[in-house]
Every structure is written in C-alpha cells, then in structure tokens.
Amino acid sequence: LFAHNEMLGLGAKDVLSLCSVACSTKTPGENVGQKGIGFKAVFSCTDCPHVISGPWQFCFRPGADEVASYVTPRWLSDDEVPSVAR
C-alpha cells in the first residue's frame, strides 16, 4: 500500500507527533483526530510503515521492545527508501 499527497511535507512537530502517543499538532475542533493515535492505525495494515516526507525518511519496525517500536523511528538511508517513494 502506497499513500501519497501533494502537501508541503512534515515539519519537526509533525514527526514528533507521529512518534508519540497523545501528542497532536492539530487544533481541537478544526481537524479530524487530535488524540495522537490515528497514525498508529496503519499497524493494522503493515508491521513496518515507512514515512518519506521532505527531509524525513524513517520507518517503524517491530523489534525486541514491541511497545517502543510503535513510536521509535528507525532512520532510513537513501538506499532503503522504497523505489515507489523516490
């Protein structure tokens, strides 16, 4: 599954939000989802989601500590970025 949009890209606060729980950059009442858990739903489709946005290239990959792996990014080299995302 590959999702793409033409947004400006993620900022540092957006990345922090993806790598956290209950930490959202959205304004309550102005956006859908402000709980900081919406992105985590991607784990029902894949166990290794990749995020490629502007300067950011990382994935979440389950490891020895299953709980931390859902919020701890693993940085990707250019060679590790899927070709469809380049």
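This report describes the fold, the sheet, the core, the aromatic rings and the charged pair of one predicted protein model.

## Overall make-up

The model is a predicted one. The protein contains 2 helices and 3 strands, and along the sequence these elements follow the pattern α-β-β-α-β.

Of the 86 residues in the protein, 23% are buried. The exposed surface comes to about 6100 Å², with carbon and sulfur atoms supplying 58% of it. Among contacts in the protein with a separation of 6 or more, 29% are between residues 24 or more positions apart.

## The sheet

The strands form an open sheet of 3 strands in the order β1-β2-β3, and the pairing is antiparallel. Strands β1 (50-53) and β3 (74-75) stand at the edges with a single partner strand each, so one side of each has no neighbour in the sheet.

Strand β1 pairs with β2 (residues 56-59) in the antiparallel sense over 4 bridges. Two of the partnerships can be named: Ile 52 has Gln 57 in β2 as its bridge partner, and Ser 53 has Trp 56 in β2. The two strands form a hairpin with 2 residues between them. In the turn, Gly 54 has a positive phi of about 55°.

## Strand β1 and Ile 52

The two faces of β1 are not alike in cover: Val 51 and Ser 53 make up the covered face, while His 50 and Ile 52 make up the uncovered one.

Ile 52 lies in strand β1. Is Ile 52 buried or partly exposed? With a relative accessibility of 31%, Ile 52 counts as partly exposed, because the buried class ends at 20% and the exposed class starts over 50%. Leaving out residues up to four places away in sequence, Ile 52 touches Gln 57, Leu 76, Val 81 and Ala 85. Gln 57 is thus both a contact of Ile 52 and its bridge partner in β2. Ile 52 and His 4 are 48 residues apart in sequence, and their C-alpha atoms are 9.5 Å apart in space.

## The nonpolar core

In soluble globular proteins, nonpolar side chains tend to be buried together. Which residues make up the largest nonpolar core here? The core has 8 residues in all: Leu 10, Val 15, Leu 18, Cys 19, Phe 43, Val 51, Phe 58 and Phe 60. One of these, Val 51, is on the covered face of β1.

Phe 58 has a relative accessible area of 0% and is buried; Phe 60, also at 0%, counts as buried too. Phe 43 touches Pro 49, Phe 60 and Tyr 70, when residues up to four places away in sequence are not counted.

## Aromatic rings

A pair of aromatic rings is described by the distance of the centres and the angle of the planes. The structure holds 6 aromatic pairs. One of them joins Trp 56 and Trp 75, whose centres are 6.3 Å apart and whose planes meet at 35°, a tilted arrangement. This pair links distant parts of the chain, as Trp 56 is in strand β2 and Trp 75 is in strand β3, 19 residues apart. Trp 56 is partly exposed, with a relative accessible area of 21%.

The rings of Phe 58 and Phe 60 have centres 5.6 Å apart and planes at 85°, so this pair is edge-to-face. A single aromatic cluster takes in Phe 39, Phe 43, Trp 56, Phe 58, Phe 60, Tyr 70 and Trp 75. Phe 43, Phe 58 and Phe 60 of this cluster are also members of the largest nonpolar core.

## Helix α2 and Ser 69

Helix α2 spans residues 66-69 and includes Ser 69. Ser 69 counts as buried, at 7% relative accessibility. Apart from neighbours within four places in sequence, Ser 69 is in contact with Phe 60, Arg 61, Pro 62 and Gly 63. Phe 60 is also a contact of Phe 43.

## The salt bridge

Side chains of opposite charge can pair when their charged atoms come close. How many salt bridges does the structure hold? There is 1 salt bridge. The side chains of Glu 80 and Arg 74 meet in it, at 3.1 Å from N to O.

Both residues are partly exposed: Glu 80 has a relative accessible area of 33%, and Arg 74 has a relative accessibility of 29%. Arg 74 falls within the range of β3 (74-75), one of the edge strands of the sheet.

Conventions:
Residues are numbered from 1 along each chain as its sequence is written. This is a predicted model: local features need pLDDT of at least 70, side-chain atom pairs count only at pLDDT 80 or more; totals for chains, interfaces and linings use all residues. Side-chain values use heavy atoms; hydrogens and water are left out. Two strands pair if DSSP finds at least two bridges between them. A nonpolar core is a set of buried Ala, Val, Leu, Ile, Met, Phe, Trp, Tyr and Cys residues joined through side-chain atoms within 4.5 Å. Buried means under 20% relative accessible area, exposed over 50%, partly exposed in between (1.4 Å probe, protein chains only). Contact means heavy atoms within 4.5 Å. A salt bridge is a side-chain nitrogen of Lys or Arg within 4 Å of a carboxyl oxygen of Asp or Glu. Accessible areas come from the Shrake-Rupley method with a 1.4 Å probe; for residues, only the protein chains shown count as cover. Rings of Phe, Tyr and Trp (its six-membered ring) pair if their centres lie within 6.5 Å; planes under 30 degrees apart count as stacked, over 60 as edge-to-face and the rest as tilted.
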